[in-house]
Amino acid sequence: MSHQMEVTLELTYFNGTAYRKAVLPIEIVIWADAGNTFETARAITAGDQRGFVDILDDPEDYYKVWVENGQTIEMRLSPLTQYRLDFDLYLYNPSLKLVANATEEEIVREPEEICYTAEASGYWYIRVVNSYSSYGWYQLSVNINESETSI
């Protein structure tokens, strides 16, 4: 479960001649880990998701997004940390059949991208896999667009 907390730090100090007050607002956001299976996939909408994977304890994350027949799903998976990371990106249709993937044989710190036009309405599943590093942060950007033929 995700949580958000807002805290305000107020500090009053004496600078030698007068008292000063510093106010620092802090927002702490803790989000739940994405699911670890198709059954526990986190439901998302279009936009950006940040996630974390650990090759030993949490090597993959699952998301699901509602897509209508004929809409185009565009996904971009980018590493957020500086050291060597390699992620793989997979897209499954509502029947859980793999329809597209973005994987590299070599270790590269480049974003993985998939663009696919849905042939059925329903939840489409996105799987993010840590294929190389011990752990790392990523950003998954998802856009859903109407197909050009339906406009």
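This briefing walks through the strands, ring pairs, salt bridges and nonpolar patch of the structure above. Please keep in mind that the model is predicted. Its open sheet is built from 5 strands with mixed pairing, and a search of the whole structure turns up 8 aromatic pairs and 3 salt bridges. Strand E5 is a handy place to start, since E5 pairs with E10, holds Tyr 62 and Trp 66, and carries Glu 60 of a salt bridge.

**The open sheet**

- Reading across the sheet, the strand order is E3-E5-E10-E7-E8.
- Strand E3 (42–44) and strand E8 (98–102) are the edge strands; each has a single partner strand, so one side of each has no neighbour in the sheet.
- On average, neighbouring strands of this sheet are turned by 25 degrees against each other, direction ignored.
- As a general reminder, strands of a sheet pair through backbone hydrogen bonds, in either a parallel or an antiparallel way.

**Two strand pairs to look at**

- Strand E5 (residues 60–67) runs antiparallel to strand E10 (residues 122–130), and 8 bridges join the two.
- If you want a landmark for this pairing, find Val 67, which stands opposite Gly 122 in E10.
- Strand E7 (residues 87–92) also pairs in the antiparallel sense with E8, here over 4 bridges.
- Tyr 90 is a good marker in that second pairing: its bridge partner in E8 is Asn 101.
- E7 and E8 make a hairpin with 5 residues between them, and Leu 96 in the turn has a positive phi of about 65 degrees.

**Aromatic pairs**

- Two of the 8 aromatic pairs in the structure are described here.
- Phe 38 and Tyr 62 meet edge-to-face, with 5.0 Å centre to centre and 70 degrees between the planes.
- This contact links distant parts of the chain: Phe 38 sits in the loop between E2 and E3, while Tyr 62 sits in strand E5, 24 residues apart.
- Is Tyr 62 buried or exposed? Tyr 62 counts as buried, because its relative accessibility is 7%, and the cut-off for buried is under 20%.
- Trp 66 and Tyr 123 are edge-to-face as well, at 5.2 Å centre to centre and 90 degrees between the planes.
- That pair links strand E5, where Trp 66 lies, to strand E10, where Tyr 123 lies, and the two residues are 57 residues apart.
- Trp 66 is partly exposed at 44% relative accessible area, and Tyr 123 is partly exposed at 34%.
- Ring pairs also join Phe 38, Tyr 62, Tyr 92 and Tyr 125 into a cluster.

**Salt bridges**

- Lys 21 forms a salt bridge with Glu 10, and their closest N and O atoms are 3.1 Å apart.
- Lys 21 belongs to strand E2 and Glu 10 to strand E1, 11 residues apart.
- Lys 21 counts as exposed at 55% relative accessibility, whereas Glu 10 counts as partly exposed at 49%.
- Glu 60 forms a salt bridge with Arg 127, with 3.0 Å between the closest N and O atoms.
- Glu 60 is in strand E5 and Arg 127 in strand E10, so this pair ties together parts that are 67 residues apart in sequence.
- Arg 127 counts as buried, because its relative accessibility is 18%.
- Arg 76 forms a salt bridge with Glu 113, where the closest N and O atoms are 2.1 Å apart.
- Arg 76 lies in strand E6 (residues 72–79) and Glu 113 in strand E9 (residues 112–117), so the pair ties together parts that are 37 residues apart in sequence.
- Both partners are partly exposed, Arg 76 at 38% relative accessible area and Glu 113 at 48% relative accessibility.

**The nonpolar surface patch**

- Which residues make the nonpolar surface patch of about 580 Å²? They are Met 5, Val 7, Leu 9, Leu 24, Ile 26, Ile 28 and Ile 30.
- Strand E1 (3–14) and strand E2 (19–30) each supply at least two residues of the patch, and E2 gives the largest share, 4 residues.
- Leu 9, one of the patch residues, has its place in strand E1 and is partly exposed at 45% relative accessible area.

Methods: Residues are numbered from 1 along each chain as its sequence is written. This is a predicted model: local features need pLDDT of at least 70, side-chain atom pairs count only at pLDDT 80 or more; totals for chains, interfaces and linings use all residues. Side-chain values use heavy atoms; hydrogens and water are left out. Patches are made of residues with over 30% relative accessible area and no salt bridge: like charges are joined within 9 Å, nonpolar side chains (Val, Leu, Ile, Met, Phe, Trp, Tyr) within 5 Å. Accessible areas come from the Shrake-Rupley method with a 1.4 Å probe; for residues, only the protein chains shown count as cover. A salt bridge is a side-chain nitrogen of Lys or Arg within 4 Å of a carboxyl oxygen of Asp or Glu. Buried means under 20% relative accessible area, exposed over 50%, partly exposed in between (1.4 Å probe, protein chains only). Two strands pair if DSSP finds at least two bridges between them. Axes are lines fitted to C-alpha atoms, for helices over the stretch in contact, and angles run from 0 to 180 degrees between N-to-C directions. Rings of Phe, Tyr and Trp (its six-membered ring) pair if their centres lie within 6.5 Å; planes under 30 degrees apart count as stacked, over 60 as edge-to-face and the rest as tilted.
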